[in-house]
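Work through the following exercises with the sequence and the model side by side, and try each task before reading its solution.

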Amino acid sequence: MNLPFAENYRIKMVEPIYRSTREERERWIAEAGYNVFNLRSDQVYIDLLTDSGTGAMSDQQWAALMTGDESYAGSSSYYYLKEKVTELFGFDYFLPVHQGRAAENVLFSVLLKEGDVVPGNAHFDTTKGHIEFRKAQAIDCTIDEASDTESQHPFKGNIDLNKLRNVLETYPNEQVPLIIVTVTCNSVGGQPVSMENLRQVKQLASHYDVPVVFDSARFAENAWFIQQREHGYEHKTIREIVREMYTHADGMTMSSKKDGLVNIGGFLAMRSSSWFEKATMFNILYEGFITYGGMAGRDMNALAVGLEEVTDRDYLESRIRQVHYLGNKLTEAGIPVQQPLGGHAVFVDAGRFLPHVPKEEFVAQMLTVELYLEAGVRGVEVGALLADRDPITRENRYPAVEFLRLALPRRTYTNNHLDVVVAALKNIYERRTEIKHGFEIVHEAPVMRHFTMRLKPIGE
Ligand SMILES: *Cc1c(COP(=O)(O)O)cnc(C)c1O
């Protein structure tokens, strides 16, 4: 008999969680304005809101915290991290920042101006927010297969080269300061980008003399999928694949809260000394001195160890297998999820789950709230609420697919927890025709409304 697979770690420290009653949850979600971001964490039993900064650090990372160097200038933790970044990604210039959006803020302060366009593959919400805040425009060039949740395309994060070429032909060069490729592509289901696509995008970009930046939050998960799914990479190590990926980029922004395996942090890395010089000024202005940029020395140490651990094959196998455990159980139950399964989350197709609900009533939010009420499980809407309004017309934007995202924190929950999630969604699926009333918006902020908005059930 073949031995079953098991995680490449054991548990050294635990944190109690509370299983609430349905009555409690009905009260709490109403008080939260039907927005799961407004819930207190102790009102949540199993928290799949995000995989960002919610993972468990290893004993080696906790040990590294103790040896952090808190010097204002020239911290040895900075040099340790810088070496790790250069070794992994091949970039000579590096700036620490406090998280991913700070890297975007600093880099876009250097590169972007009003009226610019930034093509990419389904830009992440903070990326898009920082682009639109500067009165520039993000243009989505993801392949069409990404919005067909039944298509088995192995690299749904890929950029459609014709769409990209069209943008590069349409706008003058000085209006396209960069292309952003997100690896893996969070917004369409944690879907990877193939090495071939990265190479082709870079080739096309070079032809038009436009730099390419990778939004790198889940770079290691992307490398795992290249190793698993792309011909010619099955015998390469994860670190070799990562190194090759970044030969096709001029720079990177990084949210270390994902594949950095830490709870806070980020960085910016690049090849160009002139970008670095300008970015340094903004980094000092917004984040902190060059050698800490909003991070504590100890956190830089933990991140350096995290980057080592996340590129370990056995770690990645445990990680992705757990996401696929959840995805496969839901698929077996007939629940529509984005196929093939991605890297950090399972994306339930809420539009196909509740086909009788119009998108104007925020169908993915309905499913998110139902799941919370059913079992105290917090997922998140990746649909019209997140897509926000068009910055010019102020009309709601409706994405091609309305998702409920179930993101898995790294090394945090067991498969027993995931069985609870599966059972809860099965219960809801069985009574899905009884779920009728959607939501209307009571209050929303002018940008990135999903974080703070308040809703109410229609007809109440
Ligand atoms: C999380 C994330 C960001 C922003 O990073 P923060 O650390 O949350 O500021 C940017 N891009 C992608 C793809 C992300 O997943």
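**Exercise 1.** Determine which elements the buried residues of helix 5 pack against, and decide whether this helix is largely enclosed or not.

*Solution.* Begin with the position of the helix in this predicted model: helix 5 spans residues 125-133. Next, list its buried residues, which are Asp125, Thr126, Thr127, Gly129, His130, Ile131 and Glu132. Then look at what surrounds them: these buried residues pack against helix 4 (100-111) and helix 15 (384-387), and also against strand 3, strand 4 (137-140), strand 5 and strand 6 (212-215). Finally, draw the conclusion: because seven of the nine residues of helix 5 are buried, the helix is largely enclosed by the rest of the structure.

**Exercise 2.** Find the residues with positive phi on either side of helix 5, and state for Ala122 whether it is buried or exposed.

*Solution.* Start with the loop between strand 3 (117-120) and helix 5, where Ala122 is found. The phi of Ala122 is near 40°, which is a positive value in a residue other than glycine. To classify its accessibility, recall that buried means under 20% relative accessible area; Ala122 has 10% and therefore counts as buried. Now move to the other end, where Lys135, just after helix 5, takes a positive phi of about 60°.

**Exercise 3.** Carry out the corresponding analysis for Arg411, giving its phi, its place in the chain and its accessibility.

*Solution.* First, read the backbone angle: Arg411 is not a glycine, and yet its phi is positive, near 60°. Second, locate the residue, which sits in the loop that connects strand 12 (403-407) with helix 16 (415-430). Third, apply the cut-off of 20% for burial: with a relative accessible area of 19%, Arg411 is buried.

**Exercise 4.** Locate the cis peptide bonds at Val183 to Thr184 and at Gln339 to Pro340, and describe the loops concerned.

*Solution.* Take the bond from Val183 to Thr184, which is cis with omega near -20°. Thr184 belongs to the loop between strand 5 (179-182) and helix 7 (195-207). Then turn to Gln339 and Pro340, which are also joined by a cis peptide bond, here with an omega of about -15°. Pro340 lies in the loop running between helix 12 (313-332) and strand 9 (345-349).

**Exercise 5.** Describe the stretch of chain covered by the UniProt domain annotation.

*Solution.* According to the unreviewed UniProt entry, the annotation "domain: Aromatic amino acid beta-eliminating lyase/threonine aldolase" covers residues 47-422. Over these residues the chain is 43% helix and 12% strand, while the end C-alpha atoms are 14 Å apart.

Key
Residues are numbered from 1 along each chain as its sequence is written. This is a predicted model: local features need pLDDT of at least 70, side-chain atom pairs count only at pLDDT 80 or more; totals for chains, interfaces and linings use all residues. Side-chain values use heavy atoms; hydrogens and water are left out. Helices (H or I, at least four residues) and strands (E, at least two) are DSSP runs, numbered from the N terminus. Buried means under 20% relative accessible area, exposed over 50%, partly exposed in between (1.4 Å probe, protein chains only). UniProt positions are given in the numbering used here, feature names are shortened, and annotations may be inferred rather than shown by experiment. Contact means heavy atoms within 4.5 Å.
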